[in-house]
Structure formats: C-alpha cells, structure tokens
Amino acid sequence: MDFTVPILSSRQTPATLWVCGMIEEQELFVKRKTNMKVELCYFVVVLLFLFPLASTLSDEGKALMSIKASFSNVANVLLDWDEVHNDDFCSWRGVSCANISMSVVALNLSNLNLGGEISPAIGDLRNLQSVDLQGNKLTGQIPDEIGNCISLLLVDLSDNLLEGDIPFSISKLKQLELLNLKNNQLTGPIPSTLTQIPNLKTLGLRGNMLTGTLSPDMCQLTGLCDVRGNNLTGTIPDNIGNCTSFEILDISYNQISGEIPYNIGFLQVATLSLQGNMLTGKIPEVIGLMQALAVLYLHGNKLTGPIPAELGNMSKLSYLNLANNNLEGPIPDNISSCTALNQFNVHGNRLNGSIPSGLKHLESLTYLNLSSNQFRGNIPLELGHIINLDTLDLSSNNFSGSVPASVGDLEHLLTLNLSHNHLDGHVPAEFGNLRSIQTMDVSFNKLSGSIPEELGQLQNLASLILNNNDLSGKIPEQLSNCLSLDKLNASYNNFTGLVPVGRNFSRFSPDSFIGNPLLCGHWLGSICDPYPPKSKAMFSRTTVVCITLGFITLLSMIIVAVYKSNQPKQFIKGFNKNTMQGSSSKLVVLHMDMAIHTYEDIMRLTENLSEKYIIGYGASSTVYKCVLKNSRPIAIKRIYTQYPHDSREFETELETTGSIRHRNLVSLHGYYICPQGNLLFYDYMENGSLWDLLHGPSKKVKLDWETRLKVAVGAAQGLAYLHHDCNPKIIHRDVKSSNILLDADFEAHLSDFGIAKCLPTAKTHASTYVLGTIGYIDPEYARTSRLTEKSDVYSFGIVLLELLTGKKAVDNDLNLHQLVLSKADDDTLMEAVDPEVSITCMDLSHVRKAFQLALLCTKRHPSERPTMHEVSRVLVSLLPPPPNKPCSTAPKSIDYAQFVIGKGQQQPNLQMPQQQLQQDNNSSDAQWVISINVGLVDLAQINGKSYIEEIAQDKSSLGSRASLGLGEVPPGNKITENRLTPE
C-alpha cells in the first residue's frame, strides 16, 4: 500500500496547513450551495410550465367564466373572455363595471346568436343592475339564482327559446323596473307576486305559452302591460279601471272570455288591444271617455250590439278596428268627429244602413274597410272627398246604383274593391285618373258598357278584376300600355272582337277571357277556331299558293333589308320623317361624350329603342340603356307626349337638371325634342335604383349597414343642395327609393325632376296641385296643398325607413310609416330592422339614431321636422371613421332602463358617478309612439331646444351631442363641401 506524504516547505507550518484546508472546504460548500440554487430555479420553472399559476380572477370573474361555459356558439363573439390572457373582466365584451368598486353592474350580450343555457352563476353577480341577453337562442329555464341579484333594474331575456315557468324568485328584485321575457316558450301561470315589485313599470310577456288568468293586482304595474299571444283564460278583472297608470294595455290573442268591464273607460291608455280573444257582449259606451286613446283594437272577438255613438268623442283616436265580430246596426254619424282617424275597419260584421256622408270630413283617413256587411243604398259621392284614402273596400255588401265618378278623384288610392254588390251602370272613365292604383276589383256586379280606354293610363295597375258583369264591346288596346298589369280577369261578360296581342297580354291565360262567347282569342273553342282540323291532302292548291306567296314575301323583305342597310337615315322607326326635318325636332348635346353622336346613331345603337334595351319604367316614361361609340353607357329616358302634362314634365325636368350640378344629382348629357316622344340622356347607374336593390325580384346585391348609410348620406346631401344652395330653392316633390340611383360605388344620385318646383327665397311655400307617390307624400301637403321643402324631408324620412327595414313604403294594405309607429307602440321596433342591417352593423345604437331621425323627418307638422342640412349632419356623424384611422370602440357601459321610461319619469340611478351607462341597442321604444299619439314626449322643440339638439340628448336615447359630432348650426349656413362647380 502506497502512502503519499506531503512534503512541507520550510514556510508551511502545521497551523498554516490547517487554515488552508478550512478555506478549501468553505469554497466547496459555497459552490455546492450555488448549484443547489440553480437546480431549484430550474425546478420552479418546470413547475410553472407544467402547472400555471392559479387564476387571479375574483369571484365575479369566475362567475362570468361559468356563464360563458354554459353558452354555446361563443367562439367568435366572446374571444376576449379569457382568464389566461386577459384577467381584466371589466374590459370583456358586454361587461360594464362600476368606476370605484370595479364590480359588474351591466351585462349586455344581446343579438350574438348565443346558444346553451343561462348559468345559475349569474346569481353571484350581486351588484348587477342590468342584464340583456335578448335576441339569442338560449334554451332551458330561467335560473332561480337570478333572484340573488337584488340590485337589478332591468332584465331583458326576450326573443330566445327559454322554457319552463317564470321563477318566483324574480319577485325578490324589489328595484326592478323592466322585465322583458317576450317571445320565448315559457309556460305556467304568471306569478302573482310580480305585481308586488314596487318599481316595476314595464312587464313584457307576449309571445309565450303562459296559462292562467289575469291577476286583479295587475293594476300595481305602472306603464306597460303586454301579455299578447299567450294562452291566458278567464275574464278581464272587474277592477281594470283602477289601472290608471297604464300607458299601454295589450292582452290580445289569448283566450280571454266574458264581457268588457264597464269601468274600462276610466283607463288613460294610449293603446287598448283586446283583439283575438273570445269577448262577448256589447262595446261599453264608456269607452268614449278615454280621451287619450289613439289605438282601439277589438277585432276578432264575438262582440254584439251596435257601434257606440260615444266613440265619436275620442278626438285622438287614430286606429279603430272592429272587424270580425257580430256587431249590428248602422255606423254612427258622429264617427266623423274623430278627425284624427287614420284607419277604420268594420269588415265581417252584420252592420247595415248606408255610409254616413260625414265621413268626407275625415281628412286623415287612409284606410276604409266596410266589406262583408249588409250595407245598402248608393255609394255616396262624398267618398271622393276623402283625399288621402289609399284603400277603399266596400265589397260583399248590398250596394246598388252606379259607381260615383268622384271615386276617380282619389289620386292616392292603391286598392279599390267594389266586388260582390249590385252595382250597375258604366265603369267611370274617371277611373283613369287613379294614377297610383294597383288593384281594382269590380267583379260580381251588374256593370254594363265597355271598359274605359282611360284605364290604359294606369301605369301602376297590377290587378284588374272585371269578371261576372254585363260588360260589352271590345277589350281596349290601351290596356297593353299598363305595363305593370299581370292579372286580368274579364271572364263571364259580353265582350266581342279580338283580344289584344303582345306586351302584357301575353301573360294572361285563356281563363281570363272565358264566358265571352263572341270574344276571339287564341285558345281552344274560340270563335276564331285557332286549331282547325288538318287537311288530309298533303299539298292542296291552297298550300301551294301560300308557299309561293311566302317565298315572294321573304325575298322582298331581304331586298328591303339590304336597301335599308345602305340608307342609315331610313333606319329610324316610329318617328315622322317630316317632323325630324322640321324645327320641332333636334338633338342637343350637353356633354362631350355625346359630341360625335347623331340622333340616327342613338337609334341604331338601341335598335330603335328596342324593348330588349329597357331597364325601367315610369308613370309616363320608359328608360333604356345605350352604349355609346366610346363604350361608355348612358341612360335614355323617353317621356311620352300623348298628354299635355307629359310635355310639362319634360320641360320641368329639362330646366331643372340642365341648370344644376352636384355629385349626388344625375347629370344630364343631352336631350332630343320630338312630338312623338322626347328623350333625355343621363348618366348610366350600374347598380340601378335603391328600390330595385331593396325590393326587386332578384335582390342580387345585399346592402350592408355601411352601404345603406352611405346611400342615405348621399341622398340627404343632394336634397340639402337643392333646398339650401340653389336660388331659387328647388323642391323635388317625388323623393322615393326608385328615384335614388346608385352608381358602381353605390354613391346615391337623385333623379326624376319631372314634377320639381322652384320656390323663390322670399316665399315660404307654394300652393300647388298635389303630386307625388303614395306612401311618400307629406300628409300635410296632401291636406292643404301648401308645398315647402319640408315635404321633401318627409319623403326622405320614408326612404330612410325603407333603408332600415328593407320594406316597401306601401305594400298592399301595409303602410311602412304606420307599421313603424305601431312597432314602437308595441315595444317591438327593433324587430322591424332588416336582418342584413342587424348582422352587419357593429353598433346598433346607430340604427336607433337613424330610426329617431326618420321619425323626426316624418313628424305630422312640417315646422317640427329638421332641415336637410341638419339631417345630413346627423347621418354623416354616423359614418365609420376612415380606414387609415383606428376604429373607435363603443363604450362598454350601457344604460338600458332609460329607453323604457317616459320623459316625465325619473331615470334609475346606477350608482356610477363618473361613468354614465350607455343606451341599450334593442330596448323599449314604446315612448316614441306615445309621444306622437298622446303628446307625452314631444321630440321637436322641447323647452326651446331644436330637434337636432333633442336627438343628441340622453333622454331621447341618442347619446351626447358631442358623440354626434354636431355643433350649433347657424341659420343660413350651407353645405358646400360636396357641391360641384357647374360645367
């Protein structure tokens, strides 16, 4: 065994050697300790990687994550609800927190297409004041735990698929002001304890499957009670008259039976809807005491007795529907005292007597339906004095005598139904003046004579029903000019001669003409014998002669065609050659792109204005597309000159469009004057008219919200230019969606100035014959014939409603303006929004602002409407920011309750001193129509403020004025940034 003995130097003593050894051991210990620290750090890192830190979310944050977990379809809408990457739940979509406590006070996840169920964890949000989950596809039951959120002011779970009973725990929410559960699948009774919530103003339960009866304690609610469309039974509580705080009472479409309580007349509601039940007995006379009533719907019950004469005492009554009952007796004469009456419907009763002549005083009446009763006597001449009527239905009665010619004075009439009576005499030629008429039915009467040729002037006529009369003579060729006519029934009369051929007559089947033995047409059994038996001889003498003549004719046609191809001036068809050479025919060029073209060139390029180049029709015009030699397309408007007013229309349009230039007005390139049909040459608009895109049969292009807003801004700026930048100012008089044309970039261009009117600056109005299109005409202008620029503002408001809803201004019996008002009345306004708008609009508060603006534009009194300058400014403020700028996000905080509270009521305080909760995009709109019908909230000129300022106020649900980008509008200022320098 070897031993190594250290050799000590002379200086290394044993003590020195011991000290060195201690130092080395200490260094080794430090090194080992350092290594252990490094290894420990590595271990901690691995643990952090494998097991992330426990969530730092508070209890409310965890509750929100539980709520998310119970939802489905959250992938694209709740991306920021992520506790790992963003634990600031106050910044999550739809979540609003208080400024100081940072607790959740509002949860808005409306219209996000969410599925799944509502988690019981919602009860852990103890400071929640507003929850809005409406417009989703949520299923399951409403959790009982929602009763733990004792600070709740607003609960909106409407328009989902929720099932089960309404939880009794909701009764614990003593601060609750609005409970909206409409349009779900809820069952069971209405909890009686709901009426014990002291502050509950609005209870919306319509559109469910609730059972049980109406509670006598329902009068404890203040404001809106809506249980429409359920399975409620029993009777109306006898103490209903004590519900004096109700503004709207809607218990329609249930199974309510019994009589209408007598003391219902003590209610002060604006809307009383009892239709669609099983009510019996008489209509109480005391209803006539309801002076605030604007809407009375009693149709679809089993009511008996007469119509109470006391109904004539209701000066604010606008809609009276008593249809489909068992009412008897005459129409009271004093119904004519209801001067605000807009619609009167008594269809399907047993009423008798004659039509009161006093109805002529109802200047606001647009809809009159007396059909399916037992009325007798003559149709009074005075009906022709109800100048605003758009629907007149007297069918299925016992009227006799002749049809009064005065009916032809109803220039706004869309539907006329006189069928199934005992009328005789002729069809009045004055019916040719019904330029707006779409449906005319005089079938099953005893009318005689011929069809008036004047009916050929009706360009909007779509349905003409004449069957089962004693009409005779020929079917006039002029009916082929009714280009909209797609239904004609002339069967079972005594018509003779030939049925016109071509154009719209090619649409009508033989059944339209059967029962006329002497009428000749192309159908089997006609006296013309169009299908004779075939000759057995293959080549008879007649056949040979016909073939020979046919060959000669064909050869002649070829020779003529070759000759004409070398004679371009002979190419023009349908125009008198002498007229062209005369001084009355000339082509005037106003734009360089037409400088090298002659009239003959235009005719050649359009094959003499062939039908295949037609792109649109007007009441007295046809529009063609023509591609010029430089490949640029233009539009040619041919205005017929068979009537004097057509020539005036051409002159007016020429004078107007030839003297103005603006980016939002169509540009006139030239014109051609000829007695047989004057021509105007305009810019061609690639996307057609706004009407085509919104209502056309194809609807190939879907208009998103941003595009619709762009169209509205363009049209508004064009009108603002006409009203404020032109001297004299120009009033268009026919603003409608079909007169707003869209170019390739969807820029709006106003067109059709045929009935425009110039108004000198010194004059405030012009007295003139009422012209325009039904559905767009200002009712005040129609009533007084006093024309101002505010008439155009009204029409623009209707166009704005079309853009928002996608619906026609007038569609059969539906009037869009009245529909929107009724939707607001029923608290369902946002249901009218076009789905394409709802899907593509990132901030539905802009849609609400646009609705508010449209309702301002259509106020009854012109002085209450904004100017087009102001309209333009509001719309421009809604446009999105430029692409190169970051888009601002909408505030998270939302104040829902303010939309369901009238102006005179106190708004709830959400205890947020520094941050006011923003409006709910889809909450109640009931106060809008109440303000219009009963004057509770006047949106125009409140306390000396202008209507544009009122739009900007929180109480009208439109945010601050600064958010609209509106400063003060000095009087007389003009919008000139979009004005083009005249060429």
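Colleague: Before we look at the sheet, what does it take for two strands to pair?

Modeller: Two strands pair if DSSP finds at least two bridges between them. The general idea is that strands of a sheet pair through backbone hydrogen bonds, either parallel or antiparallel. The model here is a predicted one. In it, nine strands form an open sheet with parallel pairing, in the order 15-17-19-21-23-25-27-29-31.

Colleague: Which strands stand at the edges of that sheet?

Modeller: Strand 15 (304-305) and strand 31 (494-495). Each has a single partner strand, so one side of each is left without a neighbour in the sheet.

Colleague: How many bridges join strand 15 to strand 17?

Modeller: Two bridges, and the two strands run parallel. Strand 17 covers residues 326-329. As for the register, Asn326 in strand 17 is the residue opposite Thr304.

Colleague: Further along the order, how many bridges join strand 23 to strand 25?

Modeller: Three bridges, again between strands that run parallel. Strand 25 spans residues 422-425, and its Asp424 is the bridge partner of Ser402. Strand 25 also pairs with strand 27 (residues 446-449), in the parallel sense and over two bridges. There Asp424 stands opposite Lys446. One can thus step from Ser402 to Asp424, and from Asp424 to Lys446.

Colleague: Where is Ser395 placed, relative to the strands?

Modeller: Ser395 is in the loop between strand 22 (391-393) and strand 23 (398-402).

Colleague: Is Ser395 buried or exposed?

Modeller: The cut-off for buried is under 20% relative accessible area. Ser395 has 7% relative accessibility, so it counts as buried. Leaving out neighbours within four places in sequence, Ser395 contacts Ser371, Ser372, Asn417, Leu418, Ser419 and Asn421.

Colleague: Now the helices. What describes two packed helices?

Modeller: Two packed helices are described by the angle between their axes and the distance between the axes. Take helix 8 (residues 705-725) and helix 14 (residues 868-878): their axes come within 8 Å and cross at roughly 155°. Helix 8 and helix 14 are therefore roughly antiparallel. Their crossing is left-handed.

Colleague: Which residues of helix 8 and helix 14 meet?

Modeller: From helix 8, Leu709, Ala712, Val713, Ala716, Gln717, Leu719, Ala720, His723 and His724; from helix 14, Met868, His869, Val871, Ser872, Leu875, Val876 and Leu878. Sorted by class, this contact has eleven nonpolar, five polar and no charged residues.

Colleague: Take His723 in helix 8. Is His723 buried or exposed?

Modeller: The relative accessible area of His723 is 4%, so this residue is buried. Residues up to four places away in sequence aside, His723 touches Lys729, Ile730, Glu789, Asp792 and Met868. Met868 is also among the helix 14 residues in the contact with helix 8.

Colleague: At what angle do the axes of helix 10 and helix 13 cross?

Modeller: At roughly 150°, with the axes of helix 10 (residues 789-805) and helix 13 (residues 844-857) coming within 8 Å. The cut-off for roughly antiparallel is over 145 degrees, and that makes helix 10 roughly antiparallel to helix 13. The crossing is left-handed.

Colleague: Which residues make the contact of helix 10 with helix 13?

Modeller: Helix 10 supplies Val793, Tyr794, Gly797, Leu800, Leu801, Leu804 and Thr805, and helix 13 supplies Val847, Ala850, Phe851, Leu853, Ala854 and Cys857. By class there are eleven nonpolar, two polar and no charged residues in this contact.

How values were computed
Residues numbered from 1 in each chain as written. Predicted model: local features only at pLDDT ≥ 70, side-chain atom pairs only at ≥ 80, totals over all residues. Heavy atoms only, no water. Helix = DSSP H or I, 4+ residues; strand = E, 2+ residues; numbered from the N terminus. Buried < 20%, exposed > 50% of the residue type's maximum accessible area, 1.4 Å probe, protein only. Contact = heavy atoms within 4.5 Å. Axes fitted to C-alpha atoms, helices over the stretch in contact; angles between N-to-C directions. Parallel < 35°, antiparallel > 145°, perpendicular 65-115°, else oblique. Left-handed = near helix turned anticlockwise from the far one by under 90°. Nonpolar A, V, L, I, M, F, W, Y, C, P; charged D, E, K, R; others polar.
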